[in-house]
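Colleague: Could you walk me through this one before I head back to the bench? I'd like the overall picture, and then a closer look at one residue.

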Amino acid sequence: MASVNGISRPEGEPLGAGADCRARLFVAAALLLFLESAVACTAPPLSLFRGHESLLTEASAVALVEAVSVQDAPSSCTFRVIRTWKGALPAPLPVVCRTPAGGDWMTDFAGHAEAVFWKERAGRLGVSGACSIIPPAFTIGKQYVLLIGIAPDTKQYEQISGPKDEWLRLVEKTLMESRQ
């Protein structure tokens, strides 16, 4: 048995060729493969948190809808259109969707009265480890304002609490004024 720098190894075996080293290499390779899911996005691009009014201007279509059905495989949603303020909704809607899962932030920000929605420009959509938007989850029977035709943003599929929801009221006010 030879010893180099205090590490024992069988005679003639190169340093680092043992089972222990192979196990360490396997663990390191596995960590690299799963790095995206293991590491949070530390600095999401500001483009995911744009101003509220600018999103309404950018959108080719804006509508209030109710989720009627949601299927994970294939990912498809059926919505009942309640009101369209801007543009025409394409058929089918270009929304990759899924049912809610653990960890989804299914919130309406207390009727969009919370400061985090307005000051920090946060929306209900999460940001993945790759710093991209996680596909939205929809709850059957809930209402959402859909912003179609915009670059990804955390606020493009906001859940609405009811007629006094502050995001809904801003959408209505802004888009009704732009028609005049």
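**Fold and one arginine**

Modeller: This is a predicted model, and the secondary structure of its protein chain comes to 6 helices and 6 strands.

Colleague: In what pattern do they follow along the sequence?

Modeller: Read from the start, the protein chain runs β-β-α-α-α-β-β-α-α-β-β-α.

Colleague: And how much of the chain is buried?

Modeller: Of the 180 residues in the protein chain, 33% are buried, while the chain exposes about 10,500 Å², with carbon and sulfur atoms supplying 60% of that area.

Colleague: What share of the contacts comes from residues 24 or more positions apart?

Modeller: Counting contacts in the protein chain with a separation of 6 or more, residues 24 or more positions apart account for 65%.

Colleague: Switching to Arg50, where is it found?

Modeller: Arg50 lies in the loop between α2 (35-38) and α3 (52-58).

Colleague: Is Arg50 buried or exposed there?

Modeller: Arg50 has a relative accessible area of 16%, and it therefore counts as buried, the cut-off being under 20%.

Colleague: What does Arg50 touch?

Modeller: Leaving aside residues up to four places away in sequence, Arg50 touches several residues, including Leu55, Arg121, Ile150, Pro152 and Lys155. Lys155 is 105 residues from Arg50 in sequence, yet the two C-alpha atoms are 8.7 Å apart in space.

Colleague: Which polar partners does the Arg50 side chain have?

Modeller: The side chains of Arg50 and Glu58 are joined by a polar contact of 3.1 Å, and the Arg50 side chain also reaches the backbone oxygen of Ala151 at 2.9 Å.

Note on methods. Residues are numbered from 1 along each chain as its sequence is written. This is a predicted model: local features need pLDDT of at least 70, side-chain atom pairs count only at pLDDT 80 or more; totals for chains, interfaces and linings use all residues. Side-chain values use heavy atoms; hydrogens and water are left out. Helices (H or I, at least four residues) and strands (E, at least two) are DSSP runs, numbered from the N terminus. Buried means under 20% relative accessible area, exposed over 50%, partly exposed in between (1.4 Å probe, protein chains only). Contact means heavy atoms within 4.5 Å. Accessible areas come from the Shrake-Rupley method with a 1.4 Å probe; for residues, only the protein chains shown count as cover. A polar contact is a pair of N or O atoms within 3.5 Å; within protein, one must be able to donate a hydrogen and the other to accept it, and residues adjacent in sequence count only if both atoms are side-chain atoms.
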